[in-house]
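Please study the sequence and the structure shown below, and then work through the exercises in order.

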Amino acid sequence: NNLLLSHINFLQDNDIGLVPERRWLVALIARLLRDCSVGAEEIEGVLLRLSRENGISKKLSKSITRLFLNKRINFDSLIEKLIADRMADQTIKYDPRCEVKVRKIGNVTLLFNSLRADYISVNQSNASKKQRVSLPYNPIENNFLRIHKKFPRQRLLYLNIGGINTAINAQYMPQRFCNILILPQIEKRLPQFIIPSAIDIALNIIYLSSKNLAVAFNSWAAGASINHLHLQALELEDALSLLELSDKRLLDEHGAVRVYRLTGYPLKAVLFESDNPSFLSQEAYIFLKCLQQNNVPHNLIIIKNKIYVVMRKPGNESRIAASVGWREVMGFFTVKTGDVFCSALRDADAIKDLEELDIGNKKFEEVLSAWRDKIGLASSSMDKVFETPLGIDVARSLEKLSFKNNVVLIDRQPSRGWDKANKIAGYILNKRILIMSEQDGLIDNNSLMDILGRQDVALIGVTDFEGYRRMERNIETAKKLNFIIACPD
C-alpha cells in the first residue's frame with residue numbers, strides 16, 4: 001500500500017498523470033481501496049489525486065460505491081473535497097458562499113449572483129421555444145458528452161447504483177457549495193425524460209448523504225436547458241420551502257405510499273410519501289408517466305422519503321426570477337438583476353409569477369383521472385395474478401426458457417411468497433439446483449458463484465415483488481439473471 005501511494009504521489013507531483021485506462025493500475029488501486037487497514041483520509045487523498053485530470057475512472061465505480069455503502073469513506077466529505085479542488089482552478093466558476101447574495105422576503109428567498117446573470121438571460125430567451133415535455137436527443141446540440149470533452153475536470157467520479165454507471169459532475173455555476181449534477185447512463189444519450197432507474201438513483205444518492213440533500217429533475221419546457229438526461233442535487237437551506245409550508249390533502253393511500261394534493265400552493269402539486277423507497281419510486285413514476293403522456297411539463301423534487309411532483313404550463317417567463325425551474329417552485333428565486341434583488345418588497349410578486357404557470361383545474365383533473373385509471377389497471381392485473389395457480393404453468397414456462405441447466409433462486413422472506421415459490425421449485429428440482437437466500441445474503445454463496453461463472457447456465461430468479469426490487473439493487477446477482485419470475489403472496 002505504501003509503495004502504491006508513493007507511486008501515485010510521484011506521478012501526480014511530476015504532472016505525469018495516472019493514466020487510469022491502464023488495467024494494471026486500476027486493479028492495483030481497486031485492491032488498495034479494498035484494504036481495510038487503509039484509513040478514510042488516505043483513501044480520500046488517493047481518490048482526489050485520481051480525479052485531477054478528468055474524474056475518477058469509471059472502472060473504479062463499483063469499488064467507490066462499495067466504500068460509500070460500507071461507510072469506509074464519507075460521501076459528503078469526498079464530494080466537498082472534489083468540489084473545493086475544482087474551485088481552485090475555476091473549473092467551478094465561483095464559490096457560491098461568497099458570490100451569491102441571499103435575501104428573505106416573507107415565504108420566499110431571493111438569490112442574486114452577478115456572475116450567473118448573463119448565462120441565465122440567454123437560457124430564458126430560449127425558453128419560449130420549448131413547448132413539449134420531451135424531444136429526441138440531438139447530438140448536435142449541447143450535451144454532457146460534449147461538455148466533458150471540452151471541460152473534463154467537471155467530471156468528479158462515477159457511481160455504480162443498481163448496476164447502472166452514473167457520472168457525477170460538478171455544477172459549473174452552483175447555487176450552493178454542495179451542488180452536483182447526476183448523469184445516469186450518460187453514454188446512452190438519453191433525452192431529458194425521467195425514467196424509473198433515475199428516480200432509484202436519486203433516492204440512493206440521498207441515502208448516501210448525511211446532509212439535507214434534495215435531488216431534482218426539470219422536464220423539458222419546465223426549466224431544463226440541456227436535453228440530455230440529468231438531475232441536480234444540492235444541500236437545502238434551513239428555510240422552509242413553499243412546498244413544505246403548504247397544506248396537504250390525502251388523495252390516495254396505495255400500499256405503503258400515501259399520496260397528497262398540496263393546497264394553498266400556487267401551482268398544482270402532488271406529494272408521494274413512504275418509508276419504502278422501492279414503492280415510493282414505483283408509485284411516483286406511474287404519476288409521472290401520465291404527465292409525460294399528456295404533455296404536462298413538471299418539476300420533480302426528491303427529499304428523503306418524499307417525492308414532490310409540480311405541474312405547470314410550458315415556459316420560463318417571470319418578472320422576478322431569471323428562469324423558473326425546480327428551485328423557484330420551491331420558493332428560492334434566482335433573480336434577474338441586482339435592482340430586482342434590492343427593490344422587491346413582497347413575496348406575493350414572486351408567487352404571482354408561479355400562479356401564471358398554473359395548468360388550471362380542468363387539466364389537473366384530467367391528469368388525476370388518467371393516473372387513477374393506471375392505478376386501477378395495475379391493481380386489476382395484480383388481482384388476477386393472485387388468483388392464478390402458478391405452479392404448473394410456471395414450470396412449463398421454465399422448461400421452454402431453459403437451456404442445458406437452470407438455477408432457481410428463491411428469495412425467502414417470512415410469510416411473503418415462500419410457499420408458492422417452493423411449490424414452483426418443486427416441479428423442476430429433479431433437474432435443477434435450488435439455492436435459498438435470506439434478506440441479507442445468499443446461504444450457499446460459493447455454489448452460486450461457481451454457477452455464475454459458467455456460460456451454459458441460465459439463472460432464473462423466483463421471488464415476490466419486494467424481493468425482486470432487492471435483487472435489482474444487488475448487482476453481483478441481478479446482472480446475471482436471464483429471467484425473473486415474480487411470485488406474489
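Two exercises with worked solutions follow; the model is a predicted one.

**Exercise 1.** Determine how strand β9 (residues 257–263) is paired with strands β8 and β10, and state whether β9 is enclosed or not.

*Solution.*

Step 1. Begin with strand β8 (residues 247–254), which runs antiparallel to β9 and is joined to it by 7 bridges. Within this pairing, leucine 250 lies opposite tyrosine 260 of β9.

Step 2. Examine the connection. The hairpin formed by β8 and β9 has 2 residues between the strands, and glycine 255 in the turn has a positive phi of about 65°.

Step 3. Turn to strand β10 (residues 268–273), which is also antiparallel to β9 and is joined to it by 4 bridges. Here the bridge partner of tyrosine 260 is leucine 271. The hairpin of β9 and β10 has 4 residues between the strands, and glycine 264 adopts a positive phi near 75°.

Step 4. Consider burial, for which the cut-off is under 20% relative accessible area. Of the 7 residues of β9, 5 are buried, so the strand is largely enclosed by the rest of the structure.

**Exercise 2.** Identify the buried residues of helix α14 (residues 347–355), and find which elements they pack against.

*Solution.*

Step 1. List the buried residues: Asp347, Ala350, Ile351, Asp353 and Leu354.

Step 2. Locate them around the axis. These residues cover an arc of only 150°, and therefore they lie on the same side of α14.

Step 3. Name the partners. The buried residues of α14 pack against the strands β1 (101–105), β2 (108–112) and β13 (332–334), and against the helices α10 (242–245) and α12 (326–330).

Technical notes
Residues numbered from 1 in each chain as written. Predicted model: local features only at pLDDT ≥ 70, side-chain atom pairs only at ≥ 80, totals over all residues. Heavy atoms only, no water. Buried < 20%, exposed > 50% of the residue type's maximum accessible area, 1.4 Å probe, protein only. Arc of directions from axis to C-beta. Contact = heavy atoms within 4.5 Å. Pairing = 2+ DSSP bridges.
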